[in-house]
Amino acid sequence: LIIRVVGTMVLSDALAWLVIGLVSLIVRFHMYSLGKLMGYRRFEPDRDAVLVTCCTNGLGHVHQMEHVLSVLQEAGMRFPVIALAKEHKVPDYKLASLKERFPGTVF
């Protein structure tokens with residue numbers, strides 16, 4: 001009786017792992033094929049570059065973003081694009097300061 005119970009538990013665990021493995025394989029296949037169709041054929045990630053977004057409800061958010069990005073920039077990270085959600089709320093002098101502090105970045 002004990003061997004039979006243990007045997008069925010092992011069989012059910014093996015069946016569960018088989019189902020999980022098959023589902024994982026199917027999901028990976030679909031993600032790979034969709035990625036190929038969507039054009040991500042030659043995408044090479046750049047580990048030192050980050051896309052930055054900032055919701056600019058007020059000038060405090062921009063100051064915080066600038067401080068965090070300056071620390072990360074000192075560590076060697078680059079920011080090719082900084083997207084400001086409500087850029088019209090940011091004063092011109094602050095935009096000029098950001099562009100001066102992060103040259104080569106698109107705002």
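**Figure 1. Thr105 and its reach back to Phe102.** In this predicted model, the side chain of Thr105 comes to 3.3 Å from the backbone oxygen of Phe102. Thr105 itself sits in the segment after H3. With a relative accessibility of 15%, Thr105 goes down as buried, because the cut-off for that label is under 20%. Who else does Thr105 touch, once its neighbours within four places in sequence are set aside? The contacts are Phe79, Pro80, Val81 and Ile82.

**Figure 2. The aromatic pair, Phe79 with Phe102.** There's one aromatic pair in the structure. The ring centres of Phe79 and Phe102 are 6.0 Å apart and the planes meet at 85°, so this one is edge-to-face. Phe79 belongs to strand E2 while Phe102 belongs to the segment after H3, so the pair ties together parts that lie 23 residues apart in sequence. Are Phe79 and Phe102 buried or exposed? Both are buried. Phe79 also turns up among the contacts of Thr105, and Phe102 offers the backbone oxygen that the Thr105 side chain reaches, so keep Figure 1 at hand when looking at this view.

**Figure 3. Helix H3 and its two sides.** Which residues of H3, the helix spanning residues 92-101, are buried? They are Lys94, Leu95 and Leu98. Looking down the axis of H3, these buried residues fit within an arc of 100°, so they line one face of the helix. Turn to the face pointing away from that buried side and you find the exposed residues Asp92, Tyr93 and Glu100. As for what covers the buried residues of H3, the list includes helix H2 (59-74) and strand E2 (78-84). Among the protein's elements, H3 also has the highest mean pLDDT, at 89.

**Figure 4. Lys94, a buried lysine in H3.** Lys94 is part of helix H3 and one of its buried residues. Its relative accessibility is just 7%, so Lys94 counts as buried. Leave out the neighbours within four places in sequence, and Lys94 still contacts Leu59, Val62, His63 and Glu66.

**Figure 5. Ser97, also in H3, and its spacing from Glu66.** Ser97 is another residue of helix H3. Is Ser97 buried, partly exposed or exposed? Ser97 is partly exposed, as its relative accessible area is 28%. Ser97 and Glu66 are 31 residues apart in sequence, and their C-alpha atoms are 9.6 Å apart in space. Glu66 is also one of the residues in contact with Lys94.

**Figure 6. Stepping back to the whole chain.** The protein has three helices and two strands, and along the sequence they run in the pattern α-β-α-β-α. Of its 107 residues, 17% count as buried. The accessible surface adds up to about 8700 Å², with 65% of that belonging to carbon and sulfur atoms. Take the contacts between residues at least 6 apart in sequence, and 73% of them join residues at least 24 apart. On confidence, the mean pLDDT of the protein is 80, and 86% of the residues get to 70 or more. Helix H1 (residues 2-38) has the lowest mean pLDDT among the elements, at 77.

How values were computed:
Residues numbered from 1 in each chain as written. Heavy atoms only, no water. Buried < 20%, exposed > 50% of the residue type's maximum accessible area, 1.4 Å probe, protein only. Helix = DSSP H or I, 4+ residues; strand = E, 2+ residues; numbered from the N terminus. Arc of directions from axis to C-beta. Contact = heavy atoms within 4.5 Å. pLDDT = per-residue confidence, 0-100. Polar contact = N/O pair within 3.5 Å; in protein donor to acceptor, adjacent residues only side chain to side chain. Areas by Shrake-Rupley, 256 points an atom, 1.4 Å probe, with all protein chains shown as cover. Phe/Tyr/Trp six-rings, centres within 6.5 Å; stacked < 30°, edge-to-face > 60°.
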